[in-house]
Amino acid sequence: MLNKENILIVDDDIHILELIQRHLQSLNYHTYKAISVKEALEILKDTSIDLLITDLQMPSVDGLELIKYVSEHYSKMPKLVVTGFPSINGALEVMKSGAADYITKPFTKEELKTAIFKSLASKPKRDKITKVKEEIVSKPYGELIGTSPAMKKVTDVIERLKNNKATVFIHGESGTGKELVARSIHYMGKFSSAPFIVVNCGAIPENLLESELFGYVKGAFTGADKDRKGFFQAANNGTIFLDEIGNAPLSTQLRLLRVLQEKEVVRVGAQKPEKIDVRVIAATNINLKELIKKERFREDLYYRLTVVQIEVPSLLERVTDLPLLVDKFLFKYGIEYKDRFLKMTPEALEVLKKYNWPGNIRELENVIQRAIIMCDKLVDVEHLPEHIKYQIDFSENQELLSLKEFEKTYILKVLQATNNNKTKAAEILQIDRKTLREKLK
């Protein structure tokens, strides 16, 4: 019979990998193996691992970087380093990075066994939580990265909500991470082992939304050849996240109101209601009060949904979090596209900080993803999109200018943004250098 512990072994030497695996299997451990950090991260993403055993010297991304990443994202997981290149400084660096123990090649089966027992003994008692909650607990609020005052307000509310089933309404611009807030509320609390169901109300056709949400009985409509549960029944005892709630038609809104009031659903075509126990979290990036004025959203449903409200800040409101978010995306796509950890120059980071980010975190992620594809080593200003590199900011409140004055101001701002590079300025202005010289005179 296998031990409960899952052990991940990472080494670019396939012979060492298989040797350690045989030793562990003889000790009745369940093993996973990876020949690179990239492969190890894929396994960590989908599997609950109790102990990481990794080599240090590996191509592209070394074991030390893996140790640091696991320490940050899976803080409860013990790490055991096995290396053929021992040194005092190396040992100190490994232990400072979060490894539980350190052994050198060649090693005996007994030495490996002792090191594993010691490493597993350092692990807190395992609780019955899913991997996704494990990630969230290890890095408070999981993918919700940030230490800004604006994000502190959000996490304070999550802390108050996580262990009760109050209805929550999340508002924020597109791309700010509303679903991540909903996931944190669910997975941080005591109901985390129950289902978390995501429904995008704007992605399901209006004529199908009710049957998808509430289910239907056989014969309710053409094609309904059997009884089927809806998303609400699937989320029973857990959480349902209704994204883009403003797109729900009025008929569906009336049914949602009944769910919130009576704690029951009626399937399409059925007469008998079914009791359910579901926490409802709704979100939108539009102003529901404006929809109420236009009679496109029920006022009574609005007040039922907004028992507790969370306003997710735009990236512009939490620009101090930008370096943390950049590091996150550099790691994610550096591994995916380049199989190594990449960094950004301070100059490129300063350019990103000055941009207004209309697409918020989603836009930032896309920018970093593109930059990594375009660069070889360091992400620099040249790897950023043109519209971010050459930002021209005119205040809405500035005094009205004549056309001639406006042209002069605009040309000077373009030159300033391009560090007086006349060729680049002419490109942006869509004029030739000769015309630019004449205008500057």
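**Helix H8**

I began with helix H8, residues 178-188, and asked how far it is covered. Eight of its eleven residues are buried, so I recorded H8 as mostly covered. I listed the buried positions of H8 as Lys178, Val181, Ala182, Ser184, Ile185, His186, Tyr187 and Met188. I note here that the model is a predicted one.

I then looked for a charged pair within H8. Arginine 183 makes a salt bridge with glutamate 179, and the closest N and O atoms are 3.0 Å apart. Both residues belong to H8 and are separated by four residues, about one turn of the helix. I checked the exposure of each partner. Arginine 183 has a relative accessible area of 28% and is therefore partly exposed. Glutamate 179 is also at 28% relative accessibility and counts as partly exposed.

**Salt bridges elsewhere**

I searched the whole structure for salt bridges and obtained 16. I took up two further pairs individually.

For the first entry, I examined glutamate 264 and arginine 258, whose side chains meet in a salt bridge at 2.7 Å, N to O. Is glutamate 264 buried or exposed? Its relative accessibility is 11%, so glutamate 264 counts as buried. Arginine 258, with a relative accessible area of 37%, is partly exposed.

For the second entry, I examined lysine 332 and glutamate 365, which form a salt bridge with their closest N and O atoms 3.0 Å apart. Which parts of the chain does this pair tie together? Lysine 332 lies in helix H14 (residues 322-338) and glutamate 365 in helix H16, so the salt bridge links parts that are 33 residues apart in sequence. Lysine 332 counts as partly exposed at 38% relative accessibility. Glutamate 365 has a relative accessible area of 18%; I recorded this residue as buried because the cut-off for that class is under 20%.

I also asked which residues are joined through shared partners. Arg258, Glu264 and Lys275 are connected by their salt bridges into one network.

**Surface patch**

I returned to helix H16, which spans residues 360-374 and includes isoleucine 373. I found that Ile373 contributes, with Tyr337 and Met374, to a nonpolar surface patch of about 300 Å². Why does isoleucine 373 count as partly exposed? Its relative accessible area is 48%, and the partly exposed class runs between 20% and 50%, so isoleucine 373 falls within that class.

**Helices H18 and H19**

My last entry concerns a helix pair. Two packed helices are described by the angle between their axes and the distance between the axes. I therefore looked up both values for helix H18 (residues 403-417) and helix H19 (residues 422-429): the axes come within 9 Å and cross at roughly 130°. This angle makes H18 oblique to H19. I recorded the crossing of H18 past H19 as right-handed.

Within H18 I selected lysine 413. At 28% relative accessibility, lysine 413 counts as partly exposed. I also looked up the separation of lysine 413 from alanine 425, a residue twelve positions away along the chain, and the distance between the two C-alpha atoms is 9.5 Å.

Technical notes. Residues are numbered from 1 along each chain as its sequence is written. This is a predicted model: local features need pLDDT of at least 70, side-chain atom pairs count only at pLDDT 80 or more; totals for chains, interfaces and linings use all residues. Side-chain values use heavy atoms; hydrogens and water are left out. Patches are made of residues with over 30% relative accessible area and no salt bridge: like charges are joined within 9 Å, nonpolar side chains (Val, Leu, Ile, Met, Phe, Trp, Tyr) within 5 Å. Accessible areas come from the Shrake-Rupley method with a 1.4 Å probe; for residues, only the protein chains shown count as cover. A salt bridge is a side-chain nitrogen of Lys or Arg within 4 Å of a carboxyl oxygen of Asp or Glu. Helices (H or I, at least four residues) and strands (E, at least two) are DSSP runs, numbered from the N terminus. Buried means under 20% relative accessible area, exposed over 50%, partly exposed in between (1.4 Å probe, protein chains only). Axes are lines fitted to C-alpha atoms, for helices over the stretch in contact, and angles run from 0 to 180 degrees between N-to-C directions. Angles under 35 degrees count as roughly parallel, over 145 as roughly antiparallel, 65 to 115 as roughly perpendicular and the rest as oblique. A crossing is left-handed if the near helix is turned anticlockwise from the far one by less than a right angle, and right-handed if clockwise.
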